[in-house]
Amino acid sequence: MTHARPAAAELVYAEDMHVGQQVELGSYEVTDADLVEFASAWDPQWFHVDSEAAEQGQFGGLIASGIHTLAILTRLTFEAVGYRWAMIAGRGFKELRFPRPVRPGDVLTGEVVLSDIAFDDRERALVTTQSTLVEQHGRPVLTVQLEAYVRARPQ
């Protein structure tokens, strides 16, 4: 899959965005293999990588790393808005929460809601979003407030 950046005329600049705007995300199914592979590389706690031990643990089976869940949100957000937004860079996360564990077989989807757009004098805006991932029954597995700089329309 290639991700070519569109021409400047096709970009969504900060002026094109509005508070309350919602972006629906696609979906991603978490498999045993994906869960264990990610955790083995980045968060090798036993309840992420050892299915036998995890069965006896407090979660009753394997669960995804929170970092993996955040990575899935990042991917789904990129697929939804990708290079279309005139993104400069992320600034930070606030209030990152994992209200319930992600398990193999869960199908994750969600939305991003723009909650603030603050322009500065550097031809950009700090765009704040509230993102939520839910599993197939609509129960939240991740909530987070994200801040990112988006270019203002060239003058």
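**Entry 1: the overall layout**

I began by reading the elements from the N terminus on, and they run β-β-α-α-α-α-β-β-β-β. That gives the chain 4 helices and 6 strands. I noted right away that this is a predicted model. Next I looked up the extent of the chain: along the principal axes, its C-alpha atoms fill a box of roughly 60 × 30 × 25 Å. The chain has 155 residues, and buried ones make up 40% of them. I also checked how far along the sequence the contacts reach. Among contacts between residues at least 6 apart in sequence, 70% join residues at least 24 apart.

**Entry 2: the nonpolar core**

In soluble globular proteins, nonpolar side chains tend to be buried together. With that in mind, I looked for the largest nonpolar core here and found that it has 32 residues. Met-17, Leu-25, Leu-73, Leu-108 and Leu-133 have the most contacts inside this core. Then I asked myself which elements give two or more residues to this core. They are the helix α4 (66-81) and the strands β4 (107-119), β5 (124-134) and β6 (140-151). The largest share comes from α4, with 6 residues.

I picked Met-17 for a closer look. Setting aside residues up to four places away in sequence, Met-17 touches Val-12, Trp-85, Leu-114, Ile-117, Val-127 and Val-150.

**Entry 3: Thr-77 and the largest pocket**

Staying with helix α4, I turned to Thr-77, which is found in this helix. Is Thr-77 buried or exposed? I found a relative accessible area of 19% for Thr-77, and the cut-off for buried is under 20%, so Thr-77 counts as buried. Apart from its neighbours within four places in sequence, Thr-77 is in contact with Leu-25, Gly-82 and Val-112. I recognised Leu-25 from my list of core residues with the most contacts.

Thr-77 came up again when I looked at the largest pocket, which has a volume of about 490 Å³. I noted 24 lining residues for this pocket, and Thr-74, Thr-77, Met-87, Leu-146 and Ala-148 lie nearest its centre. The elements that each supply at least two residues of the lining are α4, β3 (87-97), β5 and β6. I had already met α4, β5 and β6 as contributors to the core.

**Entry 4: aromatic rings**

A pair of aromatic rings is described by the distance of the centres and the angle of the planes. How many aromatic pairs are there? I got a count of 2. One of them joins Trp-46 and Phe-47: the ring centres are 5.3 Å apart and the planes stand at 85°, so I logged this pair as edge-to-face. Trp-46 is partly exposed at 39% relative accessibility, whereas Phe-47 is buried at 14%.

Phe-47 also pairs with Phe-59, and this pair is tilted, with 5.6 Å from centre to centre and 55° between the planes. Why does this pair tie together separate parts of the chain? Phe-47 lies in helix α2 (residues 46-49) and Phe-59 in the loop between α3 (51-56) and α4, so the pair links parts that are 12 residues apart in sequence. I found Phe-59 partly exposed, with a relative accessible area of 29%. Trp-46, Phe-47 and Phe-59 form one aromatic cluster.

While looking at rings, I also checked for charges over them. Arg-124 lies over the face of Tyr-149, 3.9 Å from the ring centre.

**Entry 5: two spots around β1**

First I looked up Gly-20, in the segment before β1 (22-24). Gly-20 is partly exposed, at 41% relative accessibility. Beyond its neighbours within four places in sequence, Gly-20 is in contact with Val-113 and Leu-114. Leu-114 was also on my list for Met-17. I then compared Gly-20 with Ala-53: they are 33 residues apart in sequence and 44 Å apart in space, C-alpha to C-alpha.

Then I went on to Ser-27, in the loop between β1 and β2 (28-29). At 51% relative accessibility, Ser-27 counts as exposed. Not counting residues up to four places away in sequence, Ser-27 touches Leu-76, Val-107, Leu-108 and Thr-109. Where does Gln-136 sit relative to Ser-27? Their C-alpha atoms are separated by 9.4 Å, with the two positions 109 residues apart along the chain.

Methods: Residues are numbered from 1 along each chain as its sequence is written. This is a predicted model: local features need pLDDT of at least 70, side-chain atom pairs count only at pLDDT 80 or more; totals for chains, interfaces and linings use all residues. Side-chain values use heavy atoms; hydrogens and water are left out. A nonpolar core is a set of buried Ala, Val, Leu, Ile, Met, Phe, Trp, Tyr and Cys residues joined through side-chain atoms within 4.5 Å. Buried means under 20% relative accessible area, exposed over 50%, partly exposed in between (1.4 Å probe, protein chains only). Contact means heavy atoms within 4.5 Å. Rings of Phe, Tyr and Trp (its six-membered ring) pair if their centres lie within 6.5 Å; planes under 30 degrees apart count as stacked, over 60 as edge-to-face and the rest as tilted. A charge sits over a ring if NZ of Lys or CZ of Arg is within 6 Å of the ring centre and within 35 degrees of the ring normal. On a 1 Å grid over the protein atoms alone, a cavity is a set of points where a 1.4 Å probe fits but cannot get out, and a pocket is an open set with protein on both sides within 12 Å along at least five of seven lines; lining residues have an atom within 4 Å of a point. Grid points are joined across faces, edges and corners, and a volume is the space filled by probe spheres set on the points.
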